[in-house]
Amino acid sequence: MSESVLSDPSTLEALERDISAAIAAAASEAALDEVRVAAVGKKGSVSELLKSLGRMSPDERKVMGPALNGLRDRVQSAIEVRRSALKAAALEARLATEKVDVTLAVRESPAELGRIHPIAQVMEELTAIFADMGFSVAEGPDIEDDFHNFTALNFPPGHPAREMHDTFFLPPDAEGNRKVLRTHTSPVQVRTMKAGKPPIRVICPGRTYRCDSDQTHTPMFHQVEGLVIDKGAHLGHLKWILEEFCKAFFEVDGVKMRFRPSFFPFTEPSMEVDIQCDRSRPGEIRFGEGNDWLEILGCGMVHPNVLRNCGLDPDEYQGFAWGMGIDRIAMLKYGMSDLRAFFEADVRWLAHYGFRPLDFPTLAGGLSA
C-alpha cells in the first residue's frame with residue numbers, strides 16, 4: 001500500500017472517499033463500528049499506512065506523515081459525527097414509540113374535580129326547603145355561657161345534661177364562670193327571641209359538641225333546629241311543617257309520621273317523631289313506604305318558662321320548636337353507614353359521596369340532582 005501511495009498520491013484521496021462513503025452508508029452503530037475497525041483499527045487500512053512511515057526516508061515522512069495523520073483524524077472525526085447522528089436518530093425513534101399523547105387525558109378543572117361535602121349539601125337542602133315555607137336562617141356562637149345554653153332553656157340545676165360526660169366545659173374565667181361548647185343550637189333560639197319580636201320563623205343550623213364517640217356519634221356534629229313564635233301557633237302547624245319537610249327532603253310523594261310523647265326541658269308537651277320506612281332490603285332504607293318506623297327528630301311546644309326567660313309573655317305568645325341531627329339525616333338519605341367518615345378528610349370518600357360545586361339544590365330542579 002505504501003508503495004502505491006508513494007507512486008500515486010491520489011490513492012489517499014480515493015481511500016478517504018471510500019471510507020467516507022462507508023461511514024455515510026452505516027445504518028447503525030454496529031455497522032459504523034465495523035467501518036471504524038476496517039479503517040483505523042489495529043489492522044485497518046489507515047493504520048497500515050501509518051505503520052509504513054517507519055520504512056520511509058526522512059523526506060518522505062515529512063510529506064506522508066502529516067497527510068496520513070490528517071487522514072486518520074478526519075476519518076475519526078467523521079465516525080464520531082456519524083455516531084452522534086445515529087444516536088440522535090435512535091433516540092428520536094424510541095421517543096416516537098414511547099410518546100404519550102397528553103391530549104387524551106386532560107386534567108379536570110377544579111370546578112369539575114372539587115366536591116361539596118355532604119354536610120354542606122344537606123344544609124343547602126334544608127335552607128331551600130324551609131325558605132320556601134318562609135323561614136330565615138339564624139346563627140350564633142359556638143362558645144356559649146350557662147344562661148343561653150342551659151338556664152334560659154329551663155334546664156334546672158343538677159340536670160344530667162350539665163354534667164361533664166355530656167358537655168365540654170372551658171376553664172373558669174376571672175369571675176369563676178365557665179363557658180361551654182354549645183351542646184345544641186337552641187341557644188340561637190334564645191338569642192333570636194331576645195333580639196326581636198314575634199312573629200318569628202327561623203331555622204338554626206350549625207355545629208354542636210358533646211362528649212360522645214361511636215359509629216353514630218362524634219364529639220362534634222351538626223344540628224338544625226326550627227322555631228316558630230306567634231300568637232296563634234299550634235301543634236297542627238308543627239305537624240304540617242314537619243310532614244312537608246320530610247316529603248321534600250327525602251323526595252317522596254307522601255310520608256306517614258308518628259308522634260310519641262317524650263320529655264325535653266324546653267318544650268311542653270314534648271314529642272319524638274318517627275317516619276314511615278321500609279327496611280326489607282339489606283343495607284337500604286326507603287321512606288314513604290313499608291311498615292317500619294324510624295325516629296328522626298324531637299319537637300314540642302315551647303315551654304312557658306323559656307318564653308319568660310327570653311322576655312316574651314306566654315299569655316300572649318306561644319310557639320313550637322324542633323331539632324334534628326344534620327349528619328343523621330344525611331346518612332339516612334344518602335346511604336352512609338358510619339358517621340366518623342364525615343370527619344376523616346378522606347378525599348376518596350368525598351369523591352364518592354360529595355356533590356358537584358355547581359349543582360345547587362332547588363325544590364323545582366331537585367335537591368340532590
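Tutor: A reminder before we start: two strands pair if DSSP finds at least two bridges between them. Keep in mind too that this model is predicted.

Student: Thanks! How many bridges join strand β6 to strand β7?

Tutor: Strand β6 covers residues 257-264 and strand β7 covers residues 267-278. The two strands run antiparallel. Pairing needs at least two bridges, and the count between β6 and β7 is seven.

Student: Which residue in β7 stands opposite S262?

Tutor: Follow the hairpin, where two residues link β6 to β7. Across from S262, the residue in β7 is S270.

Student: Let's turn to the rings. What kind of aromatic pair do F342 and F343 form?

Tutor: The whole structure holds 15 aromatic pairs. For F342 and F343, the centres are 6.3 Å apart and the planes make an angle of 40°. Planes under 30 degrees apart count as stacked and those over 60 as edge-to-face, so the F342 and F343 pair is tilted.

Student: Is F342 buried or exposed?

Tutor: Its partner F343 has a relative accessible area of 32%, so F343 is partly exposed. For F342 the value is 4%. Buried means under 20%, so F342 counts as buried.

Student: Which ring lies under the charged end of K333?

Tutor: Begin with the aromatic cluster that includes F245, F249, F250 and W322. The charged end of K333 is 4.5 Å from the centre of a ring in this cluster. That ring belongs to F249.

Student: And how far is the charged end of K239 from the ring centre of F259?

Tutor: Here too a charged end sits over a ring, with K239 placed over F259. The distance to the ring centre is 5.2 Å.

How values were computed: Residues numbered from 1 in each chain as written. Predicted model: local features only at pLDDT ≥ 70, side-chain atom pairs only at ≥ 80, totals over all residues. Heavy atoms only, no water. Helix = DSSP H or I, 4+ residues; strand = E, 2+ residues; numbered from the N terminus. Phe/Tyr/Trp six-rings, centres within 6.5 Å; stacked < 30°, edge-to-face > 60°. Buried < 20%, exposed > 50% of the residue type's maximum accessible area, 1.4 Å probe, protein only. Lys NZ or Arg CZ within 6 Å of the ring centre and 35° of its normal.
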